[in-house]
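Reader: I would like to go through the terms used for this model one by one. Please show the structure before we start.

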Amino acid sequence: MEDLEDRTAPGAADALTDVAGLRVGHAQRTGDGWLTGVTVVLAPPGGAVTAVDVRGGGPGTRETDALDPRNIVPRIEAVVLAGGSAFGLDAASGVAAWLEEQGRGFPVGGPGRVVPVVPAAALFDLGRGGDWHARPDAAMGRAAATAAAASPQGAPVPQGAAGAGTGAVVGGLKGGTGTASTVLPSGVTVAALAVVNAAGSAVDPATGLLWAAAPGAPPVPQGVRERARERLAAAAARNAGRAAGPLNTTLAVVATDADLSRSQAHKLAGTAHDGLARAIRPVHLLSDGDTVFAVATGARPLLPHGEPAADPAFGVHLAAGALDAIFAAGADTLARAIRNAVLAAEPVTGPGGDFPSYRQLYGG
């Protein structure tokens with residue numbers, strides 16, 4: 001596996017959009033009591049194989065049952081990530097309406113008769129801008145879908161306080177949206193987008209480094225770590241009584257251009273949770289709703305040239321090895337997307353709370 005990792009590299013944008021055909025759109029609102037947003041991952045026309053794995057104890061989701069491989073809808077046109085807790089799931093209605101206008105969705109009859117199935121998951125950011133009732137709605141979801149459709153193929157994805165990550169917090173630090181990608185030696189691309197909003201911490205207290213820091217990074221000087229702990233404690237004291245409690249949820253989309261079945265995509269969503277666990281500790285708590293979607297566009301065969309081995313029995317092992325490489329890359333790339341989210345975050349101070357950033361307290 002070390003040799004494989006040595007031969008991987010990020011894609012051109014180091015983003016989810018390195019998977020050809022996928023587009024990402026953000027919509028957010030800040031100020032006047034607002035600190036929340038929506039992120040839409042738009043599949044190519046005709047949709048993509050999509051799966052989900054929910055492991056947090058307090059999820060807020062919509063239409064995730066449709067992604068069960070036993071059920072009828074084979075491909076999904078869009079995935080929605082939103083702030084606003086359960087209220088923010090309204091954003092998916094705006095995305096569904098936009099998709100219907102484009103004629104995109106599950107066909108149920110004559111021309112134009114489609115039902116867009118739009119899986120969505122929400123994180124808890126209520127009150128973090130100061131107004132408990134400031135939350136995403138259908139109009140914000142439509143705006144994010146429109147932004148995704150208007151973005152060029154392979155466009156960079158804004159990180160930090162963008163889209164669903166606008167009001168995100170991780171372990172008392174400002175969280176946000178992050179993304180990353182990996183191109184495997186086979187040419188398959190695996191990418192991830194994370195919205196980091198966790199009750200757990202992204203920082204190793206023994207070193208001051210992010211849990212997902214690059215291997216071999218030197219520890220943060222002890223004096224810096226001590227001042228950071230003091231400032232975090234002071235921020236927590238200021239937040240007492242005005243900021244929402246430890247209700248959170250980290251959301252992610254892991255994608256590939258490989259041709260995966262629905263059950264294989266479900267496995268990718270599950271193994272990607274390993275990356276979440278490497279980058280945030282602890283995870284999957286009762287106060288989190290940690291949810292990972294997996295999207296496979298199917299543009300590239302799982303095996304080079306799509307050719308099985310001369311011995312069909314051995315071909316099974318070749319396919320398993322190709323899948324394992326994708327699964328491992330999914331976890332690694334999601335951990336890196338989480339790291340990028342925390343590094344891109346900017347501090348926020350306002351009526352909803354005081355949330356310093358990692359760079360502000362620990363440096364680069």
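**Terms and the values behind them**

Author: Start with H273, which lies in helix 5 (residues 262–279). Bear in mind that this is a predicted model.

Reader: Why is H273 called buried?

Author: The cut-off for buried is under 20% relative accessible area. H273 has 1% relative accessibility, so H273 counts as buried.

Reader: What is H273 in contact with, leaving aside its neighbours within four places in sequence?

Author: With D53, R55, H284, D290, T291 and V292. Contact here means heavy atoms within 4.5 Å.

Reader: How far is H273 from T349?

Author: They are 76 residues apart in sequence and 31 Å apart in space, C-alpha to C-alpha.

Reader: You listed V292 as a contact of H273. Where is V292 found?

Author: In strand 14. V292 and H273 are 19 residues apart along the chain, and their C-alpha atoms are separated by 7.0 Å.

Reader: What makes V292 count as buried?

Author: Its relative accessibility is 0%, and buried means under 20%, so V292 counts as buried.

Reader: Which residues does V292 touch, not counting those up to four places away in sequence?

Author: A51, V52, D53, A252, V254, A269, A272, H273, L276 and L334.

Reader: How do you know that strand 14 is mostly covered?

Author: Strand 14 spans residues 291–300, and seven of its ten residues are buried.

Reader: How do you know that strand 3 and strand 14 pair?

Author: Pairing needs at least two bridges. Strand 3 (residues 49–54) and strand 14 have six, in the antiparallel sense. One example is D53, whose bridge partner in strand 14 is V292.

Reader: And how many bridges join strand 13 to strand 14?

Author: Seven, and these strands run parallel. Strand 13 covers residues 251–258. Within it, V253 stands opposite F293 of strand 14.

Reader: What holds strands of a sheet together in general?

Author: Strands pair through backbone hydrogen bonds, either parallel or antiparallel.

Reader: Now the five-stranded sheet. What is its strand order?

Author: The order is 1-2-5-8-4, in an open sheet with mixed pairing.

Reader: Why do strand 1 and strand 4 stand at the edges?

Author: Strand 1 (23–31) and strand 4 (60–62) each have a single partner strand, so one side of each is left without a neighbour in the sheet. Neighbouring strands of this sheet are turned by 10 degrees against each other on average, direction ignored.

Reader: How do you know that strand 4 pairs with strand 8?

Author: Three bridges join strand 4 to strand 8 (residues 120–122), and the two run antiparallel. The requirement is at least two bridges. G60 has A122 as its bridge partner in strand 8.

Reader: What packs on this sheet?

Author: Helix 2 does, touching strand 2 (34–42), strand 4, strand 5 (78–82) and strand 8. Its direction makes about 155 degrees with that of strand 5. Helix 3 also packs on the sheet, touching strand 1 and strand 2. The direction of helix 3 makes about 140 degrees with that of strand 1.

Reader: At what angle do helix 2 and helix 3 pack?

Author: Helix 2 (residues 91–101) and helix 3 (residues 138–150) pack at about 50 degrees, with axes 6 Å apart. Angles under 35 degrees are roughly parallel, and 65 to 115 roughly perpendicular. An angle of about 50 degrees fits neither range, so helix 2 is oblique to helix 3.

Reader: Is the crossing left-handed or right-handed?

Author: Right-handed. The contact involves A91, S93, G94, V95, A97, W98 and E101 of helix 2. From helix 3 come A138, G141, R142, A145, T146 and A149. These residues divide into seven nonpolar, four polar and two charged.

Reader: Which residues of helix 2 are buried?

Author: A91, A92, G94, V95, A96, W98 and L99. What covers them includes strand 2, strand 4, strand 5, strand 8 and helix 3.

Reader: Finally, why is T166 called buried?

Author: T166 has a relative accessible area of 1%, and the cut-off is under 20%, so T166 is buried. T166 is found in the loop between helix 3 and strand 9 (169–170). Among the residues T166 touches are R29 and T36. R29 itself stands opposite T36 in strand 2.

Conventions:
Residues are numbered from 1 along each chain as its sequence is written. This is a predicted model: local features need pLDDT of at least 70, side-chain atom pairs count only at pLDDT 80 or more; totals for chains, interfaces and linings use all residues. Side-chain values use heavy atoms; hydrogens and water are left out. Axes are lines fitted to C-alpha atoms, for helices over the stretch in contact, and angles run from 0 to 180 degrees between N-to-C directions. Helices (H or I, at least four residues) and strands (E, at least two) are DSSP runs, numbered from the N terminus. Angles under 35 degrees count as roughly parallel, over 145 as roughly antiparallel, 65 to 115 as roughly perpendicular and the rest as oblique. A crossing is left-handed if the near helix is turned anticlockwise from the far one by less than a right angle, and right-handed if clockwise. Ala, Val, Leu, Ile, Met, Phe, Trp, Tyr, Cys and Pro count as nonpolar, Asp, Glu, Lys and Arg as charged, and the others, Gly among them, as polar. Buried means under 20% relative accessible area, exposed over 50%, partly exposed in between (1.4 Å probe, protein chains only).
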